[in-house]
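Biologist: I'd like to go through this predicted model with you and hear the grounds for each label. Can we start once it's on the screen?

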Amino acid sequence: PAPPVGRFQLQVAAVRSRDEAQAVAQRVKQQYPTEMELRQAVIDEAVIGNMGTLYRVRIGPFADANEPRALCGKLRSSGLDCMLVGQ
């Protein structure tokens, strides 16, 4: 199947270290292999004001805001955050 396209991603974590972000990304891939089959977990570095550098773990892309709703519920039930963001 063709890889998904779209302008939405799910942010599942914002952590202080790249290693921690990579661990979260790996956890999502292992726990949800079917949902992640065609998706990518991307680590995005962001400097946010006086909070310093955060490493955001984002999954996607998704075509529209409704598409990731089921995955978001699963992620929350396993203790992860879930916030829809545009690219």
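Modeller: Start with strand S3: nine of its 11 residues are buried, so the rest of the structure largely encloses this strand. Buried here is under 20% relative accessible area, exposed is over 50%, and partly exposed lies in between (1.4 Å probe, protein chains only).

Biologist: Before we go on, what are the ground rules?

Modeller: Residues count from 1 along each chain as its sequence is written, and side-chain values use heavy atoms, with hydrogens and water left out. The model is predicted, and local features need pLDDT of at least 70, side-chain atom pairs count only at pLDDT 80 or more, while totals for chains, interfaces and linings use all residues.

Biologist: And what makes a stretch a strand or a helix?

Modeller: Both are DSSP runs numbered from the N terminus: H or I over at least four residues for a helix, E over at least two for a strand. S3 covers 52-62 and S1 covers 8-15.

Biologist: How do you know that S1 and S3 pair, and in which sense?

Modeller: Pairing takes at least two bridges found by DSSP between two strands. S1 and S3 have six, in the antiparallel sense. For example, Val 15 stands opposite Tyr 55, and Ala 14 has Arg 56 as its bridge partner.

Biologist: Which strands are called the edges of the sheet, and why?

Modeller: The sheet is open, with four strands in the order S2-S3-S1-S4 and antiparallel pairing. S2 (40-48) and S4 are its edge strands, each pairing on one side only. From one strand to the next the twist averages 40°. Axes are lines fitted to C-alpha atoms, for helices over the stretch in contact, and angles run from 0 to 180 degrees between N-to-C directions.

Biologist: How many bridges hold those edge strands?

Modeller: Nine join S2 to S3, and Val 42 has Arg 58 as its partner there. On the other side, S1 and S4 (83-86) share four, with Leu 10 opposite Leu 84 and Phe 8 opposite Gly 86. In the hairpin of S2 and S3, three residues sit between the strands, and Gly 49 takes a positive phi near 45°.

Biologist: Gln 9 in S1 caught my eye. Why is Gln 9 called buried or exposed?

Modeller: Gln 9 has 11% relative accessibility, so it counts as buried. Seven of the eight residues of S1 are buried, so this strand too is largely enclosed by the rest of the structure.

Biologist: What does Gln 9 touch?

Modeller: Not counting residues up to four places away in sequence, its contacts include Arg 58, Ile 59, Phe 62, Met 83 and Leu 84. Contact means heavy atoms within 4.5 Å.

Biologist: What makes a group of residues a nonpolar core?

Modeller: They must be buried Ala, Val, Leu, Ile, Met, Phe, Trp, Tyr or Cys residues joined through side-chain atoms within 4.5 Å. The largest one here has 21 residues, and Val 12, Val 28, Val 57, Ile 59 and Leu 75 touch the most other members. S1, helix H1 (18-31), S3 and helix H3 (69-77) each give two or more residues, and S1 gives the largest share, five.

Biologist: What lies around Leu 75?

Modeller: Beyond its neighbours within four places in sequence, Leu 75 is in contact with residues including Leu 10, Val 12, Val 28, Tyr 32 and Ile 59.

Biologist: How do you know that the buried residues of H3 line one face?

Modeller: They are Leu 71, Cys 72 and Leu 75. Viewed down the axis they fall within an arc of 100°, so they line one face of the helix; the arc is that of the directions from the helix axis to the C-beta atoms. The face turned away carries the exposed Arg 69, Ala 70, Arg 76 and Ser 77. H3 lies across S1 and S3, at about 15° to S1.

Biologist: Last one: what makes Cys 72 and Cys 82 a disulfide?

Modeller: The cut-off is a pair of cysteine sulfur atoms within 2.5 Å, and theirs are 1.9 Å apart, S to S. That link runs from H3 to the loop between H3 and S4, 10 residues apart. About the S-S bond the angle is -135°, a left-handed link. Both cysteines are buried, and the structure holds one disulfide.
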